[in-house]
Amino acid sequence: EEFCSKLIEKKYDLKYKMLMNPRTFGNDQNKVLELCAKSGANCLGIGMQTADVSTLEAINRTPDTPEKLKEVVKIAHKNGIMTYVPFIVGFPHEPEDAPEKIIKLVDKVRPMLIDCYPLIYLKNTVLEKGLNDGEYSNKYSYEERVTKATKVKKHFYSSPKNLLQFFFWLCKNNPKWILYMSSHWFFFIKFVFGAKIKTRSNVRDFMYHHDSKANTDSDTRIN
């Protein structure tokens, strides 16, 4: 609050992006986000990760996180802030219908933008250690995780309602970006559907290397 108040006091002409999770400001969400908007915040990244309750609990999130996301998105939109919500699919022991749960959540909440990433076991992280020690099982291959992530993105960006919501926000807040993207439409298609021609072989190479050696080779990585 002090940071935003200082920006407002100094009357800086700037726009900035914020990153948070759905419970960051607790019961003060409305007050803080309104203050952020007045100080120049126009984009809010909300790290949701998953819509599956059991997975949320496994990553130390509370079961009410999806409802909190709905509250934050509603408050942000009321204050003219664009919302961006990233998800991850392919967590250990994640249920098969995890992508469908994400789809159901975003259809209900309607953020302006989303992304969905396949889980990657980064070197020297708790997840990689648990995988190597046998604590976690690599239930889904990397290619399966990519397919699940793409499914979520294709569903969201195939909705005219979602696209129009973002388009109207751009018209009001950043119309020049529309002109810029009109000549870079290929990058949007690549973002939603993936660079299949270029990456399929690389995914297969990684999948074979990772799935066969994940429990013994601590140096496994994506090139």
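The legends below describe close-up views of a predicted model.

Residues are numbered from 1 along each chain as its sequence is written. Local features need pLDDT of at least 70 and side-chain atom pairs count only at pLDDT 80 or more, while totals for chains, interfaces and linings use all residues; side-chain values use heavy atoms, with hydrogens and water left out.

**View 1. The whole protein has eleven helices and four strands.** Helices (H or I, at least four residues) and strands (E, at least two) are DSSP runs, numbered from the N terminus. The protein has 223 residues, and 40% of them are buried. Buried means under 20% relative accessible area, exposed over 50%, and partly exposed in between (1.4 Å probe, protein chains only). About 13,100 Å² is exposed, and carbon and sulfur atoms supply 57% of that area. Accessible areas come from the Shrake-Rupley method with a 1.4 Å probe; for residues, only the protein chains shown count as cover. Take the contacts with a separation of 6 or more: residues 24 or more positions apart account for 76% of them. A contact means heavy atoms within 4.5 Å.

**View 2. Confidence varies between helix α5 and helix α11.** The predictor's confidence in each residue is its pLDDT, from 0 to 100. The protein has a mean pLDDT of 84, and 87% of its residues reach 70 or more. Among the elements, helix α5 (residues 98–109) has the highest mean, 97. Helix α11 (residues 196–213) has the lowest, 39. Over residues 197–223 the pLDDT is below 50. Beyond near neighbours in sequence, this stretch has 32 contacts in the model.

**View 3. The largest nonpolar core holds 44 residues.** Such a core is a set of buried Ala, Val, Leu, Ile, Met, Phe, Trp, Tyr and Cys residues joined through side-chain atoms within 4.5 Å. L44, I46, L69, F87 and I102 touch the most other members. In soluble globular proteins, nonpolar side chains tend to be buried together. Leaving aside neighbours within four places in sequence, F87 is in contact with residues including M48, I102, L105 and V106. D115, C116 and Y117 are also among the contacts of F87.

**View 4. D52, D97 and K101 are linked in a network of salt bridges.** A salt bridge is a side-chain nitrogen of Lys or Arg within 4 Å of a carboxyl oxygen of Asp or Glu. The side chains of K101 and D52 meet at 2.7 Å, N to O. K101 lies in helix α5 and D52 in the loop between β2 (41–46) and α3 (53–58), so the pair ties together parts 49 residues apart in sequence. D52 is buried, at 3% relative accessible area. K101 is partly exposed, at 31%. K101 also forms a salt bridge with D97, with the closest N and O atoms 4.0 Å apart. D97 is partly exposed, at 35% relative accessibility.

**View 5. D115 and K153 form a salt bridge.** Their closest N and O atoms are 3.8 Å apart. The pair links distant parts of the chain: D115 in strand β4 (residues 113–118) and K153 in helix α7 (residues 142–157), 38 residues apart. D115 is buried, at 8% relative accessibility. K153 is buried too, at 10%. A search of the whole structure finds ten salt bridges.

**View 6. A nonpolar patch of about 690 Å² lies on the surface.** Patches are made of residues with over 30% relative accessible area and no salt bridge: like charges are joined within 9 Å, nonpolar side chains (Val, Leu, Ile, Met, Phe, Trp, Tyr) within 5 Å. L163, W185, F186, F187, F188, I189 and F193 make this patch. Helix α10 (residues 185–193) gives the most, with six residues. F187 is placed in helix α10.
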